[in-house]
Amino acid sequence: MTPADFDQHAPSRLPLPAGTLAGLLIAILAVGTVALFSYRSLQSRSEAANLITHTKDVIQQLESIGSTNNAAESAQRGYLLTSEPRYFEQYNRASALAPAQADRLTALVADNPEQLARAETMRGFITTRLQVAAETIELQRTGDSAAAMALLRSGRGIAAMDAIRDLIVEMSTAAQRLLQQREVTWQAAERLSLWVTFGGSATLIVLIAIAAVLMSRDYSARQAVVWMRTGQMSLTSRLQGEQRLEHLGGHVADFLAGYLGAQVGAVYAVEDAGSFRRIGGYALPAADTAIVRAGDGLAGQAAKSNHTLHVMTVPDGYLPISSTLGAQNPRELLISPASADGVVQAIIELGFFRHVLPVEREFMSRVSEILAVAVRSSRDRTKLEVLLAQTQQQAEELQTQQEELRVSNEELAEQSRVLNESQARLESQQAELEQINSHLEEQTQLLEAQKEDLSRAQTTLTDRAGELQRANQYKSEFLANMSHELRTPLNSALILATLLAENRDGNLTDEQVTFARTIHEAGNDLLALINDVLDLSKIEAGKVELSVEPVSIATTVDSLVKTFEPLAAQKQLAFEAVIAEDVPPRIESDSQRLGQVLKNLLSNAIKFTEQGRVTLRVSTAGPGLIDFVVEDTGIGIPPHQQDVIFEAFRQADGSTHRKYGGTGLGLSIARDLAHLLGGDLTVRSESGRGSVFTLSVPAVFQARPRLERPAPLPPSPPPPRSTPAAPSAAATAVLARPAIEDDRDQLAPGSRRILVVEDDTRFAAILRDLAREKGFQCLVAHTAHDGLATAAAFAPNAILLDVNLPDHSGLTVLDQLKHDPRTRHVPVHVISVADHAHHALERGAIGYAFKPVDRDQLSEAFQRLESKMTQGVRRVLVVEDDPRQGDSIRQLLAADDVAITVAATAAEALAHLKQTTFDCVVMDLKLPDLSGGELLEQMAAQEDVSFPPVIVYTGRSLTADEEQQLRRFSKSIIIKDARSPERLLDEVTLFLHQVEATMPIERQRMLKAARNREAAFENRRILVVDDDARNIFALSRVLEPRGAKVDIARNGREALNALARRQAGRDGRIDLVLMDIMMPEMDGLTAMTEIRKNPVWKTLPIIALTAKAMRDDQEKCRAAGANDYIAKPFDVEKLLSLIRVWMPK
Amino acid sequence: MDTTAAEFDIELRLLLDAIYQRYHYDFRGYAHASLRRRLRSAMQHFSCGTLSHLQSRVLHEPEAFPALLNFLTVPVSEMFRDPGYFKSLREQVVPMLRTYPSLKIWVAGCSTGEEVYSFAILLKEEGLLERSLIYATDINPVILHQAEAGVYDVDRMASFTENHRRSGGASSLSDYYAAAYGRALIDPALKKHVVFSDHSLATDNVFAEVQLVSCRNVLIYFDRDLQDRAIGLFREALCRGGFLGLGSRESLRFSGHSGAFVDVAREDRIYQKREAA
């Protein structure tokens, strides 16, 4: 019977299934047969029994006959003997019975002829016997006993009796024989009957058993169908509703395992990639595989062949059944693919401890399609959902874009509204302007008229000026003539006074002699004065002719020594002349004038020095500039008087004149002569501590243009007083010390200097501090005059100028600065209470700020100054061995304010760098003597070589290591390519004009740090793990100056390698790690975890650097093994303190 | 605004605050109009009647947050999306990038990674990939994981190929992926040059100096302040002369940082940083 038969529900014409019917018929037949046989055997048994009974009756009858005969005999005899009636009666009863008995016997044996014959015979004998007996009795009765006895003795009766007895015996024997025969027959019949009974029973039992088996099979088949139907229905109901694959899988696995009584189960659904992913399990061990590929393993094979696999001997470890107490392999496995339309959608795998029944396999094959359809529809639904979500997200993005557009539109509208408004405003302003314009036109006309007036006035003025100049000339000539005229009589007076003083005649009193000497001395003074006035007027009238010739310095100094040594010796002063080695032996100048100035200075020095020493020092002050320094230890000049000593007719102190004599014109002449020689004369002095006068003259005389023109044009007719006119930057060299301390004594070469001209000391101090903060060195001046002098003396890079100064307006200072070629380029920022912005800006100030100013405005002012001051001439060094390349770079970078030097070798480059400060270096890596990298290292190593920003400009691509090496020195590396000239130009321009506000501070800080290297860092090795060049650069720059050695790793893997290498090497292990988080190949978190796995590095301090700002990021870092954490962009000081904290002591 | 809308907005702000404090994801600077829509669909998904209810669930059921995160972020991307953008990059940006010895590129808001791989392919075609490193960042770790896997539906490849061709791609896109079982797997060799990391433009800082930032269709979800913050980060991250690429509907025009950039390809929203670094 196949299960398929159960599905055939077509009504049959038979009342019972054919099989059942046949069985029943066979049973009926068998029962009938058995009954028949039983009946037959019973019958034969009963016949045999009857015959036996009959035979027994015969025997009994025979016995009865025998006994009756005997009884009759005995009764006869008894009667014969006794004649007692009792015997007679007995005889009568017996004789009455005997014939009947004989008849019965005859009847009984009627069926047996042999016996019948014997019976007939016997009846005859009996009758005979009875007749005899009866005769006897009768005789007896009659009393004839003797007859009777005789008769008796005749033996007739006895013979009959014997025959009867013989016959009885004979018949009994025959009957006995017959009886025996019949008993045998009966037994046979009984045996047969027994066999029939047994046989029938057995047949029936067999039939009943067959029927039972058949019915049982039918019943269980029905049960299986019901079971499967129920299962299918339950499963279908479980799969109903919209289910995700995971839920579906879980439900299916639970249900199937429960329904089939499996101990373990798993459900896999097909994936896009053709593999199967587990979507549900029942009692699955945790580590079971979640993905099965078609063809792989049993499940895969089942999927591939689309056939249920029933595995009886389960491979070891296959789908083990586990509980908390242990695990065991299932005995049997059922792996059933679920397919719909020929496509396998899922695999169900079940493990059993028992044998799997065919019906269970059948059930599995039936539910597979339901499952397959469910899986397919679930997958379809999931796909649909994904598509829907995608569509929704796209819609969302579109909508957001639209919103963004709308917002942008609104902003545009707002902007255009604002534009409209401003246009309207502009229009009204234009109208206003037009009005003003017409007004201005009127004014212009007015001005034209004024201009005409002015030009007329100017003509007049020019005439006047000419007249004045002539008058001036007349004055000088007059003075020259006059002095000559004065000297003539004075000469006589002097000679006469000398004669008088000699008192040759001896007629003068001592007092008179003294008077005469006084007259002589006064005359001498007057003469000196007249000479000086003459000199001065000559110089001022431009009448001094210089005779420029080679002047031997040594000769000049020697003659001075000869002249002044005795004078010094007289005053017991030490006198010394020193010529520095680098001073050229000869200079081109006017030896007479030079000597005159120096003589003046030396005589002053000796004059104003009471004790100590006077020194003349000759040295080189700069390229082509020679300094003659006269130093004394005399009374010195107080600061407030230093500016007046050079002015004609003014001396430091009125009393000086009286004490030391002299006209007071000497220094004025000396200074004017110094200017005439193309140089300058300056003083540094402190009251009571001596003075230092410095005469700077060019090694080769060059006429100063400003001296060619007459003294600065006085803005008004010269004031009657002899106070100085408007201060002249050119003419002013006296330097007053400011009231607050500044950096003039600590000026570093190449530093950026700012001059603050401000009379309010408090505000000046503020500006000074701010300037220092911005990385400037600061000079302070409190007056216009000092300001100009300081500007001329120290050549500041920028100037902050107050307008309200005690002596002159700041605007005048600004004018002067802008008219002097030496100070013209210096940017000036003006700060003032009053509004002079217009005037200041007109005069060339770069900015203007109103007092009170706040810090931000000041910062802005510094910013402007900084950006402006960088616009001077910039120097670029191009290190390139290929002359054509060098030339092309030169042409690329050429500009008015850029000076380009090309070096073909590293040595040449180093030489250039030693001599000159460059703003930027463009360097090729390929050089004949050193590689670019080595050149950079040397530049960094040599202290006397400046290290400007370097741009590496190379034709070859760099490896990561090379790049890292270069990055330590160069912020910018450019690979030559089509667009590289553009970038080179851009970067160079950037470096040349960059406001490096932070760099100098950093550099200073670094210098400072380098001076006092920290013990915490000294010789400690820090591993920096970061892939960002900017950070590596910054960290090395911070750590290396402090004495730390820095190892670089660009990712976690390199970090581990570096640690291991250092651990194995001899030159020091890593003391601390700075770990970036976001890196290629291996990120920081992984790297830290890896590091901590090695027991050697359990305590290695690691500081994590990360761009993430959140608390949980910090926790992540710590969890990965970081000791501490600092967020980017990090504060250098904070980082340093962190390192100090964690660095192992 | 009616009362319910006002209430919704209050709840919205409370929810964003709660998320920030609980999970450190800062959506407070996101454009509210879009958030409103996305949260309404999230409410449906979580079967929550009100945002307060949703807030309570998100606070007390940490496993609910990743699901909500998927609603709050909008991962829409394709390879070589807006081919004109990539064409302009090839023509105007790549020649400048060649002059750098090593390149770093930041794809901010990389979503499921299509754009990251587009960049990798573009650089490969231009011979620059070997010296490049692409940082791909996003706030959603689930999406980032997908991006890292680099597996896409093979059905999408046709349109990607068309985009790639129109972007001026010289090679065949199929050289860079392997298709099997209805999926396209991006060549793992490309991934060697990509670092995937989660990074929030709202809370985190700059992590490296880069030559190119591409952040497309991310700023549209931000309000003006957050847009400014993000652009500030890009400005800080970019080296001098570095490039910034934005989405087709995004612009620097209204940003406070607009002065620091000049147009390179106006239509394709490519800008160059022109201030001193």
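Two residues are in contact here if their C-beta atoms, placed from the backbone, lie within 7 Å. Keep that in mind for the stops below.

**Before you start**

You are looking at a predicted model. It scores ipTM 0.80 and pTM 0.51. Chain B averages a pLDDT of 89, and 98% of its residues score at least 70. Where pLDDT is low, the predicted coordinates should not be read in detail.

**Stop 1: where the chains meet**

Show both chains and select the residues in contact between them: 46 come from chain A and 42 from chain B. Now hide chain A and look at the side of chain B that touched it. Helix 2 (32-45), helix 5 (83-97), strand 2, strand 6 and strand 8 of chain B each supply at least two residues to that side. Which element of chain B gives the most? Colour helix 2 of chain B to see the answer, for it contributes four residues. If you colour this side of chain B by class, you should find 21 nonpolar, 11 polar and 10 charged residues.

**Stop 2: the sheet in chain B**

Stay with chain B and pick out its strands. Seven of them form an open sheet with mixed pairing, in the order 6-2-1-7-8-10-9. Which strands stand at the edges? Select strand 6 (194-198) and strand 9 (261-265) of chain B: each has a single partner strand, so one side of each is left without a neighbour in the sheet. Going from one strand to the next, the twist averages 20°.

Next, zoom in on strand 1 (residues 103-108) and strand 2 (residues 132-138) of chain B. They run parallel and are joined by six bridges. To see how they line up, label B:Ile105, which stands opposite B:Ile134 in strand 2 of chain B.

Now bring in the helices that pack on this sheet. Helix 7 (residues 141-149) of chain B touches strand 2 and strand 6 of chain B, and its direction makes about 170° with that of strand 6 of chain B. Helix 10 (residues 224-237) of chain B packs on the sheet too, touching strand 1, strand 7 (210-215), strand 8 (238-246) and strand 10 (270-273) of chain B. Its direction makes about 160° with that of strand 7 of chain B.

**Stop 3: helices in chain A**

Bring chain A back and select helix 10 (residues 553-570) and helix 11 of chain A. Their axes come within 11 Å and cross at roughly 25°. That makes helix 10 of chain A roughly parallel to helix 11 of chain A. The crossing of these two helices is right-handed. Turn on side chains to follow the contact: among the residues of helix 10 of chain A that meet helix 11 of chain A are A:Leu560, A:Phe564 and A:Leu567. From helix 11 of chain A, the residues taking part include A:Leu594, A:Leu598 and A:Leu602. By class, the contact has eight nonpolar, three polar and one charged residues.

Keep helix 11 (residues 591-607) of chain A on screen and add helix 14 (residues 666-676) of chain A. These two pack at an angle of about 145°, with their axes 9 Å apart. Is this crossing left-handed or right-handed? The crossing of helix 11 and helix 14 of chain A is left-handed. Residues to label here include A:Val597 and A:Leu601 in helix 11 of chain A, and A:Ile669 and A:Leu673 in helix 14 of chain A. This contact has seven nonpolar, four polar and one charged residues.

**Stop 4: a hairpin and its neighbour**

Select strand 12 (residues 613-622) and strand 13 (residues 625-632) of chain A, which run antiparallel and are joined by eight bridges. In this hairpin, two residues lie between the strands, and A:Gly624 takes a positive phi near 70°. Then label A:Val630: A:Leu616 stands opposite A:Val630, and A:Val630 also stands opposite A:Phe693 in strand 15 of chain A. Strand 13 and strand 15 (residues 690-698) of chain A pair in the antiparallel sense over seven bridges.

**Stop 5: the parallel sheet in chain A**

Finally, find the open sheet of five strands in chain A, with parallel pairing and the order 27-26-28-29-30. Strand 27 (1045-1049) and strand 30 (1124-1127) of chain A stand at the edges. Strand 26 (residues 1021-1025) and strand 27 of chain A share five bridges, and A:Leu1023 has A:Asp1047 as its bridge partner. Helix 29 (residues 1084-1093) of chain A lies across strand 26, strand 28 (1072-1076) and strand 29 (1102-1106) of chain A, running at about 150° to strand 28 of chain A.

Key: Residues numbered from 1 in each chain as written. Chains lettered and ligands numbered in written order. Predicted model: local features only at pLDDT ≥ 70, side-chain atom pairs only at ≥ 80, totals over all residues. pLDDT = per-residue confidence, 0-100. Axes fitted to C-alpha atoms, helices over the stretch in contact; angles between N-to-C directions. Left-handed = near helix turned anticlockwise from the far one by under 90°. Nonpolar A, V, L, I, M, F, W, Y, C, P; charged D, E, K, R; others polar. Pairing = 2+ DSSP bridges. Parallel < 35°, antiparallel > 145°, perpendicular 65-115°, else oblique.
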